[in-house]
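Reader: I would like to understand how the words used for a protein model are justified. Could you take me through some of them slowly?

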Amino acid sequence: MIINNIIEGTTVNGPGFRLGIWMQGCNRNCPGCFNKEACSPDGGYSISVDEILNYFSKQKYDGISVSGGEPFNQEKELSVLLQKTKELGLNTLVFTGFTYDELLSKKSTALFYCDYLIDGPYLKDCPSHCKYAGSGNQRFLKLKEGLIEEDLTNQTDDFTECEFIINQDGSITTTGFLDI
């Protein structure tokens with residue numbers, strides 16, 4: 001799979017302490033996209049699912065959060081990653097610009113392995129009502145075997161959170177949503 005970045009520990013990209021994976025490539029062109037560097041199909045780097053799973057032996061995580069770019073553009077790889085993560089007893093969350101209904105109509109196999117889904121295109125002028133979503137049109141869905149079990153959008157704090165991570169090389173990674 002081609003990814004843009006891995007964050008070894010985030011608490012703003014889903015419930016609990018999570019491994020964050022940003023996949024590379026997105027052609028949705030959402031105005032105001034906050035992660036343009038992950039959108040180019042030419043960027044990122046190749047990594048195997050097994051290499052990602054090795055991160056789980058380094059420290060204890062509650063789950064994995066996959067964002068992008070657009071994770072469902074690499075459907076096959078995403079399905080394998082989510083399935084193997086669940087086999088380790090961890091929960092899975094995917095951020096996508098597609099709506100749940102679009103993924104369902106495409107018969108997405110990865111959807112079956114999602115415990116949580118943040119769905120819908122990013123709309124920069126639509127304030128979020130959920131601390132995990134980037135814009136107010138997006139939903140925070142709890143899924144079971146690909147079907148909506150519960151809509152958690154309005155059951156989380158209505159404020160956004162942001163993390164600033166200082167990497168070993170001195171660069172700074174920002175994740176989450178800074179409400180300014």
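Author: What follows is a set of questions about terms and the values behind them. This is a predicted model, in which local features need pLDDT of at least 70 and side-chain atom pairs count only at pLDDT 80 or more, while totals for chains, interfaces and linings use all residues. Residues are numbered from 1 along each chain as its sequence is written, and side-chain values use heavy atoms, with hydrogens and water left out.

Reader: Why is Ser-79 called buried?

Author: Buried means under 20% relative accessible area, exposed means over 50%, and partly exposed lies in between (1.4 Å probe, protein chains only). Ser-79 has a relative accessible area of 8%, and therefore counts as buried. Ser-79 belongs to helix α2, residues 75–87, where helices (H or I, at least four residues) and strands (E, at least two) are DSSP runs, numbered from the N terminus.

Reader: Which residues does Ser-79 touch, not counting residues up to four places away in sequence?

Author: With that exclusion, Ser-79 touches Thr-109, Ala-110 and Tyr-113, contact meaning heavy atoms within 4.5 Å.

Reader: What makes the pair Lys-84 and Asp-50 a salt bridge?

Author: A salt bridge is a side-chain nitrogen of Lys or Arg within 4 Å of a carboxyl oxygen of Asp or Glu. The side chains of Lys-84 and Asp-50 meet at 3.6 Å, N to O, so the pair fits that definition. Because Lys-84 lies in helix α2 and Asp-50 in helix α1 (residues 49–53), the pair ties together parts that are 34 residues apart in sequence. Lys-84, at 31% relative accessibility, counts as partly exposed, and Asp-50, with a relative accessible area of 46%, is also partly exposed.

Reader: How do you know that Arg-139 and Asp-119 meet in a salt bridge, and are they buried or exposed, or in between?

Author: Their side chains come to 2.8 Å, N to O, which places the pair within the salt-bridge limit, so the name applies. Arg-139 lies in strand β7 (residues 139–144) and Asp-119 in strand β6 (residues 116–119), so the pair ties together parts that are 20 residues apart in sequence. Arg-139 is partly exposed, with a relative accessible area of 28%, whereas Asp-119, at 2%, counts as buried.

Reader: How many salt bridges does the structure hold?

Author: The structure holds 4 salt bridges, and one of them joins the side chains of Glu-149 and Lys-142 at 3.7 Å, N to O.
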